[in-house]
Amino acid sequence: MSVVDIALRLIGAFYMFGGVVVVRAFAMSRFLDDALDRLGGVKPGKAEAARAVWNVGTALLTFAGGVSLLLLSDLAPRLFLASLAWQAIYLGWLAPQVLDASDPADAVGRQQSTHALVVYSAATGWVVWAWWHGRLLPWHELPNWALVPGVAAVAVLAGYAAWIALRPASDGG
């Protein structure tokens, strides 16, 4: 295994971790929103709910890209590019044109998201470079001992996010 392979895998692990952190933050936010609703009837607005759903989608794409990069799979550039496009659509159109009209975003948070997109763009460029230079394997050539846990990890995180999003709010009892 070369230094480039190790660096690619570390980037994959970093974005896997990032995906888990965002989904976990979504779960905590949902828990707190439910608690505030029970205490005072305060429900998150539609824009806030849409942001949360979009962020979970971003997290799942980012996590899946990280898994595929950790495995040095040729699916990684596709997933990284899809996640990059997803984030760019959000920051370039959806948030400023649709969501911010009814519920303006935090300027510091938006700036941090923009910086994260720039860093993610660089990582995506490197992943595409690795694919272009034949450093990534076709996914169907990956050994089952690596592929099965990778797919399972994505499925588990997606299932957890869906469970958090779709479960009814607690009745407090």
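**Notebook: a five-helix chain**

I started with the outside: the accessible surface of the chain comes to about 10000 Å², and 71% of that belongs to carbon and sulfur atoms. Accessible areas here come from the Shrake-Rupley method with a 1.4 Å probe, and for residues only the protein chains shown count as cover.

Note to self: this is a predicted model, where local features need pLDDT of at least 70, side-chain atom pairs count only at pLDDT 80 or more, and totals for chains, interfaces and linings use all residues. Residues are numbered from 1 along each chain as its sequence is written, and side-chain values use heavy atoms, with hydrogens and water left out.

**Overall build**

I looked up the secondary structure and got five helices and zero strands, in the order α-α-α-α-α along the sequence. Helices (H or I, at least four residues) and strands (E, at least two) are DSSP runs, numbered from the N terminus. The C-alpha atoms fill a box of roughly 55 × 35 × 20 Å along the principal axes.

How much of the chain is buried? I found 34% of the 173 residues. Buried means under 20% relative accessible area, exposed over 50%, and partly exposed in between (1.4 Å probe, protein chains only).

Next I checked contacts (heavy atoms within 4.5 Å). Of those with a separation of 6 or more, 81% link residues 24 or more positions apart.

**Charges**

I noted 11 positive and 11 negative side chains, with the centres of the two sets 2 Å apart. Lys and Arg count as positive and Asp and Glu as negative, while His and the chain ends are not counted. Each charge is placed at NZ of Lys, CZ of Arg, CG of Asp or CD of Glu.

Then I went after salt bridges (a side-chain nitrogen of Lys or Arg within 4 Å of a carboxyl oxygen of Asp or Glu). The structure holds one: Asp5 with Arg135, at 3.4 Å, N to O. Asp5 sits in helix H1 (residues 3-40) and Arg135 in the loop between helix H4 (107-132) and helix H5 (144-166), so the pair ties together parts 130 residues apart in sequence. Asp5 is buried at 14% relative accessibility, whereas Arg135 is partly exposed at 29%.

**Two single residues**

Leu72 caught my eye: its phi is near 55°, a positive value in a residue other than glycine. Most residues other than glycine have a negative phi. Leu72 lies in the loop between helix H2 (46-70) and helix H3 (76-102), and is buried at 7%.

Last, I looked at Ala101, which is in helix H3. Buried or exposed? Ala101 is exposed, with a relative accessible area of 66%. From Ala101 to Ala59 I noted 42 residues in sequence and 24 Å in space, C-alpha to C-alpha.
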